[in-house]
Amino acid sequence: DMHYTPIDEPVSFPMTAIYQNTAPEKNSPWVLPGTYTVKLTVNGRTFSQPLTVKMDPRVTTSIAGLQQQHRLSVVCYEGRLAARKAKEEISLAGKQLKALLNKAGTSKETITQLEQELAALEGASRGRRGGGGPVATFGSAESGFASLLSMLHETDMPPTTQMVSGVSQVQVQLKELQDKWNALSK
């Protein structure tokens, strides 16, 4: 498999899948064509061998276009991982808040307010902004990156300007969420 380490989630199949005859969809970027070293460690011994990944000769996209597609794919992949990590941290913080709620002397209103703020960041809330658009959450950021990665992998063409813009927008959204989470977790 010439993909980055897959993200741990249930496998999914394309809508056109044929039972027992369609591979699951990948959720991590392909490696770029090039020369790599494969290492295998068994019982303390390491074995290495070179491996050359070649581009399908039918693909006419320039190496610069493929590099741009790969770079954006990695941004989406790393963005998903960052959003997942933040959701896990928020979930842990929520459990810690519940434990505090049971201790004497802790303000129930303060804990409830913090729980609501955590839920809004994590993605448990399906609220709307004042302008009517969806509220940005780590869940929506992860979903956005997943959709963009899927679209990037549907073709061997350079990304469109809309794809580049979409990745940039979700990156900005993730950064804003991370800043809010960092301020809240202090």
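## Largest pocket

Helix α3, residues 138-152, contributes more to the lining of the largest pocket than any other element, supplying four residues. The model is a predicted one, and the space in this pocket comes to about 510 Å³. Its lining consists of 20 residues, and those closest to the centre are Ser12, Pro24, Glu25, Lys26 and Asn27.

Sorted by class, the lining of the largest pocket holds eight nonpolar residues, six polar and six charged.

## Second largest pocket

The second largest pocket encloses about 380 Å³ of space. Its lining is made up of 18 residues; Trp30, Val31, Met55, Gln69 and Asp156 are the ones nearest the centre. Here the largest share of the lining comes from helix α1, residues 63-101, which provides four residues.

Nine residues in the lining of the second largest pocket are nonpolar, five are polar and four are charged.

## Secondary structure and overall dimensions

The protein chain contains two strands and four helices. Their order along the sequence is β-β-α-α-α-α, with strand β2 covering residues 45-53, helix α1 covering residues 63-101 and helix α3 covering residues 138-152.

The radius of gyration of the protein chain is 21 Å, whereas a compact globule of 186 residues would have a value near 16 Å. Along the principal axes, the C-alpha atoms occupy a box of roughly 65 × 50 × 35 Å.

## Burial, surface and contacts

Of the 186 residues in the protein chain, 26% are buried. The chain has an accessible surface of about 12700 Å², and carbon and sulfur atoms account for 55% of that area.

Among contacts in the protein chain with a separation of 6 or more, 61% join residues that are 24 or more positions apart.

## Phe47 in strand β2

Phe47 is a residue of strand β2, which spans residues 45-53. The relative accessible area of Phe47 is 38%, and it is therefore classed as partly exposed, since that class lies between the buried limit of under 20% and the exposed limit of over 50%.

When neighbours within four places in sequence are left aside, the contacts of Phe47 are with Val38, Lys39 and Leu40.

Methods: Residues numbered from 1 in each chain as written. Predicted model: local features only at pLDDT ≥ 70, side-chain atom pairs only at ≥ 80, totals over all residues. Heavy atoms only, no water. 1 Å grid on protein atoms, 1.4 Å probe; cavity = no way out; pocket = protein on both sides within 12 Å on 5 of 7 lines; lining within 4 Å. Points joined across faces, edges and corners; volume = space filled by probe spheres on them. Nonpolar A, V, L, I, M, F, W, Y, C, P; charged D, E, K, R; others polar. Rg over C-alpha atoms; globule rule 2.2 N^0.38 Å. Buried < 20%, exposed > 50% of the residue type's maximum accessible area, 1.4 Å probe, protein only. Contact = heavy atoms within 4.5 Å. Areas by Shrake-Rupley, 256 points an atom, 1.4 Å probe, with all protein chains shown as cover.
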